[in-house]
Amino acid sequence: MNYILLLVGFVFLIKGADGFVSGASSIAKKFSIPPLIIGLTIVAFGTSAPEAAVSVTAALKGQNDMAIANVVGSNIFNFLVVIGITSMVKPIRVQKSTIIKEFPFVILASFVFSVISHDTRFQNASENMLSKADGYILLSLFAIFMYYLIEMALTSKDNEQEDEIEEIPLTKSIIYSILGVAGIIIGGQLVVNSASNIALAWGMSENLVGLTIVSVGTSLPELVTSIVAARKGESDIAIGNAVGSNIFNLLFVLGLSSSIHSIAIHPEVFYDMLIMIIATILTYVFAITKKCINRGEGIFLFLLYVIYLIYIIMR
């Protein structure tokens with residue numbers, strides 16, 4: 001039953017995020033909000049909504065390991081599997097702006113998250129904690145990132161995305177938005193509860209379940225979106241989706257979770273943080289060499305994830 005509830009939870013999360021994005025985007029369009037702004041805010045939030053729902057729910061229930069592991073595991077999955085598989089489908093071209101701005105920002109966010117989490121090393125504290133103050137720091141960085149995105153969108157001359165947002169009747173849009181948020185909340189509850197029960201039944205740690213089952217499940221929207229984008233030749237969306245999602249996860253999801261409730265960090269998680277940073281830098285190196293991530297590099301990234309899975313299961 002727990003496995004069934006876990007699958008149902010993932011369906012609620014993904015469908016809820018889709019419904020919220022469709023409804024909220026249509027409402028925003030009715031009020032003449034530029035489509036680029038909608039894409040960079042509402043749609044971007046929608047792809048990170050599953051991670052946010054799971055991590056916030058886990059943090060509120062005191063399940064700290066899952067709250068952190070879900071984000072760290074999702075970020076590792078996004079770079080090693082999402083970009084890895086996507087580039088195997090079709091080599092990914094990387095724009096200059098992504099190399100100069102977005103990639104360095106996600107690397108900065110990863111280092112900031114790692115530093116503020118190491119309270120015992122940098123602040124002589126008795127335990128490592130992502131405190132409410134740390135959450136405010138992450139959310140402040142997120143606000144800076146959103147300002148950059150909106151400014152970039154407003155100064156962009158590319159408004160060809162105007163017709164990509166489907167306009168739905170206002171009443172239906174509101175219903176979609178409300179049901180979408182409800183689906184995200186219910187899905188988050190189901191995933192956290194069922195995943196915790198599975199962990200207990202198998203003698204697995206919440207950290208391991210968060211790094212594997214939960215992080216993979218919440219990252220499925222990014223995987224599907226990037227593969228479809230790559231097949232259509234839209235490499236910018238494929239790479240931007242993964243990079244943007246990781247920034248949202250680190251700054252918005254963890255920032256929101258820890259600002260609501262402080263999150264204690266298990267020492268074991270720091271090894272996963274290091275792997276997350278290595279995966280980020282490695283993907284960046286592949287991106288800057290030829291401004292392209294080819295099939296061979298994609299296979300290498302995917303194999304690294306397989307090795308990582310074996311490592312976390314064996315440890």
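**A few notes on this predicted model**

1. Let's start with one residue: Ile-186 sits in helix H7, which covers residues 170-202. Do bear in mind as you read on that this is a predicted model. Ile-186 has a relative accessibility of 40%. Partly exposed runs from the buried limit of 20% up to the exposed limit of 50%, so Ile-186 counts as partly exposed.

2. Ile-186 also belongs to a nonpolar surface patch of about 530 Å², along with Met-1, Ile-4, Leu-5, Val-8 and Phe-12. Which helix gives the most to the nonpolar patch? That is helix H1 (residues 2-30), with four residues.

3. Now for a pocket that you may like to look at. The second largest pocket holds about 260 Å³ of space. It is lined by 14 residues, and the closest to its centre are Ala-52, Ala-53, Val-56, Ile-184 and Ile-185.

4. Where does that lining come from? H2 (35-60), H7 and H10 (235-260) are helices that each supply at least two residues of it. H2 has the largest share, with seven residues. By class, the lining of the second largest pocket is made up of 11 nonpolar, two polar and one charged residues.

5. Last, a backbone detail to check on your screen. Lys-291 lies in the loop between helix H11 (269-290) and strand E4 (292-293). Its phi is near 55 degrees, a positive value in a residue other than glycine. Most residues other than glycine have a negative phi. With a relative accessible area of 44%, Lys-291 is partly exposed.

Methods: Residues are numbered from 1 along each chain as its sequence is written. This is a predicted model: local features need pLDDT of at least 70, side-chain atom pairs count only at pLDDT 80 or more; totals for chains, interfaces and linings use all residues. Side-chain values use heavy atoms; hydrogens and water are left out. Patches are made of residues with over 30% relative accessible area and no salt bridge: like charges are joined within 9 Å, nonpolar side chains (Val, Leu, Ile, Met, Phe, Trp, Tyr) within 5 Å. Accessible areas come from the Shrake-Rupley method with a 1.4 Å probe; for residues, only the protein chains shown count as cover. A salt bridge is a side-chain nitrogen of Lys or Arg within 4 Å of a carboxyl oxygen of Asp or Glu. Buried means under 20% relative accessible area, exposed over 50%, partly exposed in between (1.4 Å probe, protein chains only). On a 1 Å grid over the protein atoms alone, a cavity is a set of points where a 1.4 Å probe fits but cannot get out, and a pocket is an open set with protein on both sides within 12 Å along at least five of seven lines; lining residues have an atom within 4 Å of a point. Grid points are joined across faces, edges and corners, and a volume is the space filled by probe spheres set on the points. Ala, Val, Leu, Ile, Met, Phe, Trp, Tyr, Cys and Pro count as nonpolar, Asp, Glu, Lys and Arg as charged, and the others, Gly among them, as polar.
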